[in-house]
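Visitor: Hi, I've got a new structure to look through today. Could you walk me through it?
Guide: Happy to, let's put it on the screen.

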Amino acid sequence: TLASMADAQYLQENVGDALTAALTSTAAAQPDDPVEYMAHWLLKYLAVEEKKAKVKEAEAQMIAEKEAAEKAETAKTDEQTQVVYKIQKIKDDIAACNTVEKLYSTVVEGLIETTSASNTYIALLEKKTPPEGEEEPPEPTPEPPAEPAEGEEAPPPAKLAPVIPKFAALKYVFANDQNDYVKGVELPSPALGKKPSVSWNAVESKQGVLVRNVMESDPPLVFHDMPLPGSFACHPLLSSETDTHVAGGVMGMICCDTLMSDTVLMERDQEILREVAAAASATYERLVTEAADRVKGEETLTSELLEEATTCPEDQKPADDDDVDKLEGKIEAAVATRVGKCKTALREQLPMAKASEHGHEMAEISAYAEGSDGDRVVKALAALVGGTAGDLAELFELVQGFDVKVVQEAAVTASKAVLNPEGAEELTKASGGFDFGAKLLFALLSVLLELSAPAMKLVGMKQAAEEARQAAEAERIAAEEKAAAEAAEAAPA
């Protein structure tokens, strides 16, 4: 029947193997009590199978645990790889920065992304005036090198260790948005009466500091004039080796904290901060050097331009006996050289819109204070070319298109009156109130005002020549008419 078949199948699937093996063993052993023998055999079989199952389960558990450990290790490795990648990317981004402001934002954003810090801020070390009656300790002088042996070269002078100013302050210059209020805040050095601080300890040791629990800090860490829970870490920005000093001068400080958050800064965060600070130090030094080189280049350009603009070559100096052609030739030579060079410098160095992130633009001259040296130069040039200081675009075009040979005496008089008003100190190329843009404008204004007198004289000479020509022409016509009339009277009727 179907039921019998189902029972047989059930027995075959569940006890068939065990019974077959028991019967086979009983037949082989031929025991006196085969039933008891088979019973003991089945109990032993069951124990062996249970042991096999436990071994198999243990092996499966071991395999599962191993796979889980490998998976966790892989995830940990992947996480570490991601952190290493992020750190390297931050360092690459820092190295690619072309402005100090971009450097600051890259450092702050990068540290908040890769560490547990919720706040990051940057300070620069600034020297301060010592209190009355005190002075900054003198920098030590290097020991003179030993006399070289005969035939040997003298060793180079020993390099000095960078000295940390005694009277100084850490001035915060950048922070994440939530801490923007710290910009401009200063943390004075202990010599200026400030109590010892963690940040100044880091300055003096030239090493990073990690305080996991601000509430247990020694010396105390205070924010908003009170201790707050959280972690704090900082690392100095250190200078590289120079021709005279070894590496390690303190330029500033990068600080991180987790105030008012649940996270804690750990050694790994401090290590990331150290790497970022090293990259930021190198880039900051490069940017400062590049900025100094740009300033030096601008000073060289304006110095040469001012010297050339205010020094008339002998072959361009007007003479009392110059005729029209000779005087006009001298003026045109000055326009082509000195005026042309000044206009080109203005067009390239002070355009309407910056040509690069480090460039200048005309808008800078609108920031001059009323009555300042720069303001006087801008208004004097505007008066000369017929523009106004308030419309920079128009002024730019008028300056570039101005022809000194058509200058008006009223414009020259107005320009000189604005440039050097009564009672004011006369402006010269040596005046100290000029920035880069004002120097460019003053160079052009100087040469234009110098040329205005001979230019107006040339206009007068040309006008006199034209009047003389017209008088001669009128005299010639009158003579011809008189001759014609006399000839007509003498002719026979």
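Visitor: What radius of gyration does the protein chain have, and what would a compact globule of 493 residues have?
Guide: One thing to say early is that this is a predicted model. The protein chain has a radius of gyration of 46 Å, while a compact globule of 493 residues would come in near 23 Å. Along its principal axes, the C-alpha trace spans about 190 × 85 × 65 Å.

Visitor: And what share of the residues counts as buried?
Guide: That comes to 32% of the 493 residues.

Visitor: How many helices and strands are there?
Guide: The chain has 11 helices and 6 strands.

Visitor: Can you give me a pair of residues to show the distances? How far apart are Lys-51 and Leu-327 in space?
Guide: They are 121 Å apart, C-alpha to C-alpha, with their positions 276 residues apart in sequence. Lys-51 sits in helix H3, which covers residues 34–95, and Lys-51 is exposed, with a relative accessible area of 61%.

Visitor: Let's move to the strands. Which sense do S1 and S2 pair in?
Guide: S1 and S2 run antiparallel, joined by 7 bridges. Lys-127 stands opposite Ala-168 of S2. S2 also pairs with strand S3 (residues 186–188), again in the antiparallel sense, over 3 bridges. There, Ala-169 faces Pro-188 of S3.

Visitor: How many residues of S2 are buried?
Guide: 6 of the 8 residues in S2 (168–175) are buried, so the strand is mostly covered.

Visitor: What about S5, which strands does S5 pair with?
Guide: Strand S4 (residues 209–211) pairs with S5 in the antiparallel sense over 3 bridges, and Leu-210 stands opposite Ala-233 in S5. S5 also pairs with S6, antiparallel, over 7 bridges. In that pairing, Leu-237 has Gly-252 of S6 as its bridge partner.

Visitor: Why is S5 largely enclosed by the rest of the structure?
Guide: Because 6 of its 7 residues, in the range 232–238, are buried.

Visitor: New topic: cysteines. How many disulfides does the count give?
Guide: The count is 0 disulfides.

Visitor: Why is there no bond for Cys-255?
Guide: The closest cysteine sulfur to that of Cys-255 belongs to Cys-234 and is 5.2 Å away, which is too far for a bond, as a disulfide needs the sulfur atoms within 2.5 Å.

Visitor: And Cys-342, how far is its sulfur from the closest cysteine sulfur?
Guide: That distance is 13 Å, to Cys-312, also too far for a bond.

Visitor: Are those two cysteines buried or exposed?
Guide: Cys-255 has 1% relative accessibility and counts as buried. Cys-342 is buried as well, at 1%.

Visitor: Now the empty space. How many cavities of 30 Å³ or more are there?
Guide: There are 2 cavities of 30 Å³ or more. The largest cavity has a volume of about 60 Å³, and the second largest cavity has about 50 Å³.

Visitor: Which helix gives the largest share of the lining of the largest cavity?
Guide: H9 does, with 4 residues. Helix H8 (373–385) and helix H9 (392–401) each supply at least two residues of that lining. By class, the lining divides into 9 nonpolar, 1 polar and no charged residues, and Phe-396 and Gln-400 are among them.

Visitor: And what classes of residue line the second largest cavity?
Guide: That lining has 9 nonpolar residues, no polar and no charged ones. Leu-237 is one of its residues, and Tyr-104, Ile-254 and Tyr-284 are also among them. The largest share, 3 residues, comes from H4.

Visitor: What about pockets, how much space lies in the second largest pocket?
Guide: About 540 Å³ lies in the second largest pocket. It has 21 lining residues, and those closest to its centre are Lys-127, Pro-162, Val-163, Gly-249 and Val-250. Strand S1 (119–127), strand S6 (250–257) and helix H6 (267–309) each give two or more residues to the lining. By class, the lining of that pocket has 12 nonpolar, 5 polar and 4 charged residues.

Visitor: Where does Val-163 lie?
Guide: Val-163 is in the loop between S1 and S2. Val-163 is partly exposed, with a relative accessible area of 47%. Val-163 and Pro-137 are 9.5 Å apart in space, C-alpha to C-alpha, and 26 residues apart in sequence.

Definitions and conventions
Residues are numbered from 1 along each chain as its sequence is written. This is a predicted model: local features need pLDDT of at least 70, side-chain atom pairs count only at pLDDT 80 or more; totals for chains, interfaces and linings use all residues. Side-chain values use heavy atoms; hydrogens and water are left out. Buried means under 20% relative accessible area, exposed over 50%, partly exposed in between (1.4 Å probe, protein chains only). On a 1 Å grid over the protein atoms alone, a cavity is a set of points where a 1.4 Å probe fits but cannot get out, and a pocket is an open set with protein on both sides within 12 Å along at least five of seven lines; lining residues have an atom within 4 Å of a point. Grid points are joined across faces, edges and corners, and a volume is the space filled by probe spheres set on the points. Ala, Val, Leu, Ile, Met, Phe, Trp, Tyr, Cys and Pro count as nonpolar, Asp, Glu, Lys and Arg as charged, and the others, Gly among them, as polar. Two strands pair if DSSP finds at least two bridges between them. The radius of gyration is taken over C-alpha atoms; the globule rule is 2.2 Å times the number of residues to the power 0.38.
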